[in-house]
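User: I would like to go through this structure with you before planning my reading. Could we take it a piece at a time?

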Amino acid sequence: MKIRNDISLYIHIPFCVQKCKYCDFLSFSSLEEDRNSYIQELKKELQWKSQWASGASVISVFFGGGTPSILRVEQMEELLSLIKEYYTLTEDVEITMEANPGTLTVETLLQYQRIGINRLSIGLQSGDDQELEMLGRIHTWEQFERNYRDARKVGFENINVDLMSALPGQTIESYQKTLKKVVRLDPEHISAYSLIVEEGTPLYEDEILLEKLPGEELDRQMYQMTKEFLHAHGYERYEISNYAKPGYECRHNSVYWTGGEYLGFGLGASSFFKGKRFHNEETLFKYRFDGTPQDVEVLTKEDKMGEFMFLGLRMTKGVNVEDFYQKFGHTMEEIYGQVIRKHEKEGLLICENGIVKLTDRGLDVSNYIFCDFLIE
């Protein structure tokens, strides 16, 4: 397969020190020998799929999890060396690694920089130690702050901090304190999500904690506070739950939201490539890459148009009418005229200067709008 477009790579590291109570991601604790075996299979997959990406330029690499920083630096270096050998990386490639506080040291941070990682995404979630303990996190605020300052000390200039709101027992005051603490540290990027209690997680089974969940009104207040507070401190909201200083938007996630191509590696990792969506085996002891993608879904033109709209509308800059026409050979008015006018009347969407985008109110109720862009 020959391609000429830019592409992104996602590498899933499913291992954690312990699983958080709210987590429904494909992750678990493991023995060192399990990690070693996994890395060997991951290397085989990276090498095999490189032939698909022949002629493509890799603009971003993202190590997600799980907790990638739980691996030994030597293992991360093996993976990155293989990527650099078999893929063509742009000079300014963004290489992100997710990390949890409590798994970082000055020494490992220096080594991460040496091997080419240039963006850290640190999972704080809350600045309140009681809230962190309730969530089953392995760290305290003090550990996070020490790790963050160490990352700055060794030279990391692009750091994201993950936050969560609407936690059990959380108040508007405690959430505001978290925002203030984080902003004081001045990260380049902040991802701020409301907690979603997923079936099958320990939190879902904990009736006591469930009773302490903030009501819908308090959840909305926290959501509104996030927008206003971060905007006032120089963070522009560029996607529903993501805020960045100018020029520091996450390139990797933007590929997903703009319909770009990406290859996923590792347990359960998804790919979108050549109009097809497919993903890997989700059981650790069965994960063996033999060159055959699983559950291949060939997207129809209607599927692609729907995704172009509802993914692009997650971005505050919206979607370009001319881009739609160039991509699909139909005008946006022809396919979605009625839907657009409906939500314009509701004050949830605006169309001007060749751009269709959600209003602030529209971003707040985006799921309701997105459903209308799916073509049955």
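User: Let us begin at the end of H6: which residue follows, and what is the sign of its phi?

Analyst: Asp186 follows H6, and its phi is positive, near 65°. Please bear in mind that this is a predicted model. Asp186 is not a glycine, and most residues other than glycine have a negative phi. Its place is in the loop between H6 and S6.

User: Is Asp186 buried or exposed?

Analyst: Neither term applies: Asp186 is partly exposed, because its relative accessible area is 39% and the partly exposed class runs between 20% and 50%.

User: And H6 itself, how does its span agree with what is expected?

Analyst: Helix H6 covers residues 172–185, which makes 14 residues. At 1.5 Å a residue it should span 20 Å, and its end C-alpha atoms are 20 Å apart, so the two values agree.

User: Which residues of H6 are buried, and what do they pack against?

Analyst: The buried residues are Ile172, Ser174, Tyr175, Thr178, Leu179, Val182, Val183 and Leu185. They pack against strands S4 (119–125), S5 (159–165) and S6 (189–194), and against helices H4 (129–135), H5 (141–154) and H9.

User: What about the loop on the other side, between S5 and H6?

Analyst: Ala166 is placed in that loop. Its phi is near 60°, again a positive value in a residue other than glycine. Ala166 is buried, because its relative accessible area is 6%, and the limit for buried is under 20%.

User: Where is Lys43 relative to Ala166?

Analyst: The two are 123 residues apart in sequence and 39 Å apart in space, C-alpha to C-alpha. Lys43 lies in helix H1, residues 32–49, and is partly exposed, with a relative accessible area of 22%. Leaving aside neighbours within four places in sequence, Lys43 is in contact with Glu78, Leu79 and Leu82.

User: Changing topic: where is the cis peptide bond?

Analyst: The bond from Gly65 to Gly66 is cis, with omega near 15°. Most peptide bonds are trans. Gly66 sits in the loop between strand S2 (57–65) and helix H2 (73–86).

User: Now the pockets. What is the volume of the second largest pocket?

Analyst: The volume of the second largest pocket is about 260 Å³. It is lined by 14 residues, and those closest to its centre are Lys227, His231, Arg237, Asp360 and Leu363.

User: Which elements supply that lining, and which gives the most?

Analyst: Helix H9 (216–232), strand S7 (236–239), strand S15 (355–358) and helix H14 (360–364) each give two or more residues. H9 gives the most, with four residues.

User: How does the lining divide by residue character?

Analyst: The lining of this pocket has six charged, four polar and four nonpolar residues.

User: One more helix, please: which residues of H11 are buried?

Analyst: In H11, they are Met305, Gly306, Phe308, Met309, Phe310, Leu311 and Gly312. Their cover includes helices H10 (251–257), H12 (321–328), H13 (332–345) and H15 (366–370), together with strand S13 (319–320). H11 itself has twelve residues, 301–312, and reaches 16 Å from its first C-alpha to its last, close to the 16 Å expected.

User: Finally, how confident is the prediction, and which elements have the lowest and the highest mean pLDDT?

Analyst: The mean pLDDT of the chain is 91, and 95% of its residues reach 70 or more. Helix H7 (residues 202–205) has the lowest mean among the elements, 76, and strand S8 (residues 242–244) the highest, 98.

Key. Residues are numbered from 1 along each chain as its sequence is written. This is a predicted model: local features need pLDDT of at least 70, side-chain atom pairs count only at pLDDT 80 or more; totals for chains, interfaces and linings use all residues. Side-chain values use heavy atoms; hydrogens and water are left out. On a 1 Å grid over the protein atoms alone, a cavity is a set of points where a 1.4 Å probe fits but cannot get out, and a pocket is an open set with protein on both sides within 12 Å along at least five of seven lines; lining residues have an atom within 4 Å of a point. Grid points are joined across faces, edges and corners, and a volume is the space filled by probe spheres set on the points. Ala, Val, Leu, Ile, Met, Phe, Trp, Tyr, Cys and Pro count as nonpolar, Asp, Glu, Lys and Arg as charged, and the others, Gly among them, as polar. pLDDT is the predictor's confidence in each residue, from 0 to 100. The expected span of a helix is 1.5 Å times one less than its number of residues. Buried means under 20% relative accessible area, exposed over 50%, partly exposed in between (1.4 Å probe, protein chains only). Contact means heavy atoms within 4.5 Å.
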